[in-house]
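Me: I would like to go through this model and ask, for each label attached to it, what the label rests on.

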Amino acid sequence: MSPKQTMMAVVAVILASIIGMSAFVVDQREQTLVLQFGNPKDVVKEAGLHFKWPWQSVERFDGRLLESDVPPNEVITKDKKSILVDNYARWRITDPLKVYQVARTQNGVAARMDDVVRGKVREVLGQHTLHEIVSGGDKANLRVELMQTIRDRADEGVKDYGITVVDVRIKRADLPQENSEAVFQRMKAERNRIAKEYRSEGEEAAKEIRATAEKTQKTILAEAYKQSEILRGKADALTTAIYARAYNKDRQFYAFTRSLEAYRESIDVNTRLVISPDSEFFNFFQQSRR
């Protein structure tokens, strides 16, 4: 090989090396940051072949939707109950430059985001009772609202990290093992107390209902007795008037009728009277004998 050919070969190798160190490929699933001696110089998000200076380096970040699953988080609820909340978050890198400035690496910013999400979970759930967190309380969509609130607050908390929190979900919420029995006993005592209050209120209401019913009964009976006495008085007056008219028409017949009524009321099969036969009580018997 001639010196000229050798020189051309050397130059070609050098050029190939320079091109190899300068060219880099960005995958459609990632985004990159071009660094020069550790200082950011350019952000490349477009997929394809790109070039840089040989002394520059490339830091790659995922461009897809990422998921972060952290260990259970202890939360103190509004009613002072301690629960272990197991949650996960979905997030995305939107600004690789901020990520690099804040945490240098993708794993570093993920750790910071996890701390923010855990804090927001404690903050939001701490404003609600255990019953509301577990079953939703009186609102059917309370769990959805809680998750949206946590997501919004977490996203606000990481806006300077170059990432966006897309979703936060709770997988499960459990009582700590050492507190489960104590919490169960407290819940049982609380339910017993509420049950006693309900029974007491029920008994009081029953007494009021019975007292009202008895008062109403007495009022009705008194009114009925009053009406019966009025009717009885009117009937007696009418009877007296009838008897008076009959007496005025035929006094002898009236006296006879009244005597028969007296006999019927005072004498029956087992009646024994010790009385003089000449008594006025048997006046009509005496007349019949005559």
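Reply: Gladly, with the reminder that this is a predicted model. A natural start is the open sheet of three strands, ordered β3-β2-β5 with antiparallel pairing.

Me: Why do β3 and β5 count as the edges of the sheet?

Reply: β3 (39-44) and β5 (56-62) each have a single partner strand, so one side of each is left without a neighbour in the sheet. From one strand to the next, the twist averages 30°.

Me: How do you know that β2 and β5 are paired?

Reply: Two strands pair if DSSP finds at least two bridges between them. Strand β2 (residues 30-36) and β5 are joined by seven bridges in the antiparallel sense, so the pairing criterion of at least two bridges is met. As for a particular bridge, L35 has S57 in β5 as its partner.

Me: What makes helix α2 a neighbour of this sheet, and what angle does its direction make with that of β2?

Reply: Helix α2 (residues 96-103) packs on the sheet and touches β2, β3 and β5, while its direction makes about 60° with that of β2. Contact here means heavy atoms within 4.5 Å.

Me: Turning to the empty space, what makes the lining of the largest pocket charged, polar or nonpolar in its make-up?

Reply: The largest pocket, with a volume of about 220 Å³, is lined by D79, K81, T129, L130, H131, V134, R186, M187, E190 and R191. Asp, Glu, Lys and Arg count as charged, and by class this lining has five charged, three nonpolar and two polar residues.

Me: Which helices supply at least two residues each to that lining, and which gives the largest share?

Reply: α4 (130-135) and α6 (177-249) each supply at least two residues, and the largest share, four residues, comes from α6.

Me: Why is the other kind of space called a cavity, and how many of 30 Å³ or more are there?

Reply: A cavity is a set of points where a 1.4 Å probe fits but cannot get out, whereas a pocket is an open set. The count comes to one cavity of 30 Å³ or more, and about 30 Å³ of space lies in the largest cavity.

Me: What lines the largest cavity, and which element gives the most?

Reply: The lining consists of S68, V70, N87, Y88, A89, M113, D114, V117 and R118. β8 (82-93) and α3 (106-125) each supply at least two of the lining residues, and α3 gives the most, with four. By class, the lining of the largest cavity has five nonpolar, two polar and two charged residues.

Methods. Residues numbered from 1 in each chain as written. Predicted model: local features only at pLDDT ≥ 70, side-chain atom pairs only at ≥ 80, totals over all residues. Heavy atoms only, no water. Axes fitted to C-alpha atoms, helices over the stretch in contact; angles between N-to-C directions. 1 Å grid on protein atoms, 1.4 Å probe; cavity = no way out; pocket = protein on both sides within 12 Å on 5 of 7 lines; lining within 4 Å. Points joined across faces, edges and corners; volume = space filled by probe spheres on them.
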